[in-house]
Amino acid sequence: MNIIWNKTSKQFHLYNDRISYIFGVAPSGELTNLYFGKRIHDKDDFSYVIFRMGMPNVVVDADTESYSMELNRQEYPSFGTTDFGTQAFEIEAANGARVSSFIYKNHKIFAGKHGINGLPATYAEDSEAMTLEVELEDELLQMTLTLSYTIFDKYPVIARHAAFTNNGSQEAVLKRALSSCLDLPDQDYEWMQFSGAWARERMPIVRKLSKGITSIESKRGASSANQNPFVIIKRPATDEFSGEAIGFSFVYSGNFVAMAEGGSFGRLRMLMGINPDRFAWPLKKGETFETPEVVIAMTDRGLNDLSQTYHRLYNNNLVRGKWKNEPRPILNNNWEATFMNFTEDDILRIAVKAKEAGVELFVLDDGWFGERNDDFAGLGDWIENPKKLPQGIPGLARKINAMGLKFGFWIEPEMVNPNSNLYRRHPDWVLAVPGRKSSLGRHQLVLDFSREEVVDHIYGMLHKIIDGAPISYIKWDMNRSLTEVFSLDASPQEQGTVYHKYVLGVYSLYSRLIEAFPDILFESCSSGGNRFDAGMLYFAPQAWCSDNTDAIDRIRIQYGTSYGYPIVSIGSHVSAVPNQQTGRSVSVSTRANVAYFGTFGYELDLNELSDEEFEEVRKQIEFMKKYRKLIQFGDFYRLRSPFDTDQNAWMVVSEDRSVAIVGIYCMRSNVNTLPGFLKLAGLDADRKYKMEGEEYYGDELMNMGITLTKLYKKGFSISEDYSSIVTVIEAV
Ligand code: GLA
């Protein structure tokens, strides 16, 4: 890994063993991209890739020999001079002008990586990464722009963000401040997005890119289940095992935009950042605005390799604290067992059985506080309901601890029900437009987390409860989109800051709670997977993946999630049948076979299982305890797509390639067809492995594949709906 600055050609070359990222100062003084891709040798000068053509274009000026930005690749483009593409940023000067030109001034190269004020970001030791900060200046605006690039030693990854500082005396308004722009020289790519809605999150959608704009966004205040802030572009021939692809992952949890723009001259522009819609950030003298981070990863080895890059990077350089690289406790959550209708005795009865099965952590979900007996009341009143918990959270937590289980509970700190003491006392603390009716979502309103005093108050209430009890885990929920976004605390000119300040408020509450209680394991949740993003992972190392706990639907949801997020971050539980959301009944074995590929736990009352099923659960927990380190942190391979076939298969392989676990699932029976072969991946070609009592060479398993009929008597059959098998492969 290195970052080279060539003084004469004014070019930067960031490289490691796998990638090169090259850009330099353009004839116009702005920055131009020269190359991003597989590692290439360094040279003194790559400026031959800059086009200077006598075409009927607007040129910068006579001295620049027909240099037009439109024909070239920009690093961080503005609109208003000679680039007619979509801009990465826009500044409105005091006189209303919206043209800018940031010229290279100087730069810094240093080992390691800096954090971003108030925002989540990847981090690195000095030996793990190098950072380049390029400072540009617009003299007329009296503003500086700092573009920051980190290259990691071990990963084919560049992390980027930008910062604007106003040094002048006049206020300017940032109308758009995206985090990154990557201009590529051709458009022969397919775009892959991960879209859905509540209960069907992160379904991959692929489409061919061409001239014009392809874009996804969120305007819901959260990153959303509808569009995930992660996109991939890949060559049409790229599959899971070979070919080029580039990933763009936004380390942010609010409104975003991701865009591909194919220009007239073949350029492909990839943009990502905070959604400029409803965004306007006034910058006074001396003030700085820092954008969130985008993590750009590149592979020439297929999509599994791209995903593994994100998995490793996020496990090692994004997730922090005690739970970093730690296998996760097997939990039992009472939500689908009792909903809000429970007594302490009910909870204890579920917990006793959970302990008997081998569960390690008991989680009390919604309904323990205020007048929270249904979803019409109570949010905001973070005080125990004595009718349900006579000795409060501390009393229950101690009883659960005495059984040998850890204890955790559910909160939804950003919300308030109109029917709550908090709202009656502070009706002005919500996001709402004065005089206008507020839209409700699940009968609740959103607290104005852009205001410090609101965040302070919620922190105070939560701190009091957590401080007084042995709490090991918190499920932090967020169950509606933001509407009528207006803050009573902001001036008319500042209303465009509210969405972002809300997210900063959420991050600051997380930071304060983590600082006060560093050992607590946080699981983020937002009606399931409505805020499953890299920003959240910095605070909460795992996320409830979806409220849809049906094993067959979960195969698709977890498969889609695995493209951008580590297996250990995927909250996955075995729930009761018929399934609450789909009405489908699937064996407890298939339910576990899907849930293993995540954090693993149970979302039901184990007392309600038959003796036979309970015995099976006990074995499942033993299995997961033995293999969770491998499943949660091993190299994950998608083998067969549940979107293309009626089957699904995936596997994990240990780092030393001595153990692997394969999961194979039949989502729909195929009567009177041949099952075919399944090719495995990631094994050592020359080693022999034992699988279901027989020995095979690694190359045999990866090239010839396993005959699926072999697994029929063990529980998997393509002519039986919802059958599945999880099998361990060990080197002999
Ligand atoms: C959301 C969550 C569920 C559960 C309920 C509680 O829907 O996604 O897991 O916690 O809230 O109200």
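A polar contact is a pair of N or O atoms within 3.5 Å, and with that cut-off in hand the reader can approach the ligand in this structure, which is a predicted model. In the side chain of Asp366, an N or O atom is 2.6 Å from an oxygen atom of the ligand, so this pair falls within the limit for a polar contact. Lys475 also brings a polar side-chain atom to the ligand, at 2.7 Å from one of the ligand's oxygen atoms, while for Asp477 the distance between a polar side-chain atom and a ligand oxygen is 2.9 Å. On its own the ligand has 310 Å² of accessible area, and the protein covers 95% of that area.

Around the ligand there are 13 residues, of which Asp365, Asp366, Arg442, Lys475 and Asp547 come nearest. By character, the shell is made up of six charged, four nonpolar and three polar residues.

Away from the ligand contacts, the next subject is the packing of nonpolar residues. In soluble globular proteins, nonpolar side chains tend to be buried together. Here the largest nonpolar core has 200 residues, and within that core Trp368 and Phe409 have the most contacts. Helix H7, spanning residues 498–516, gives the most to this core, contributing nine residues. A second core, separate from the largest one, has 25 residues, among them Val653, Ile664, Cys666 and Ile706.

Trp368 deserves a closer look: leaving aside residues up to four places away in sequence, the residues that Trp368 touches include Phe342, Trp382, Ile383, Leu389, Ile393, Phe409, Trp410, Ile411 and Ile465, and also Glu384 and Asn385.

Terms used:
Residues are numbered from 1 along each chain as its sequence is written. This is a predicted model: local features need pLDDT of at least 70, side-chain atom pairs count only at pLDDT 80 or more; totals for chains, interfaces and linings use all residues. Side-chain values use heavy atoms; hydrogens and water are left out. A nonpolar core is a set of buried Ala, Val, Leu, Ile, Met, Phe, Trp, Tyr and Cys residues joined through side-chain atoms within 4.5 Å. Buried means under 20% relative accessible area, exposed over 50%, partly exposed in between (1.4 Å probe, protein chains only). Helices (H or I, at least four residues) and strands (E, at least two) are DSSP runs, numbered from the N terminus. Contact means heavy atoms within 4.5 Å. A residue is near a molecule or strand if one of its heavy atoms lies within 4 Å of it. A polar contact is a pair of N or O atoms within 3.5 Å; within protein, one must be able to donate a hydrogen and the other to accept it, and residues adjacent in sequence count only if both atoms are side-chain atoms. Accessible areas come from the Shrake-Rupley method with a 1.4 Å probe; for residues, only the protein chains shown count as cover. Ala, Val, Leu, Ile, Met, Phe, Trp, Tyr, Cys and Pro count as nonpolar, Asp, Glu, Lys and Arg as charged, and the others, Gly among them, as polar.
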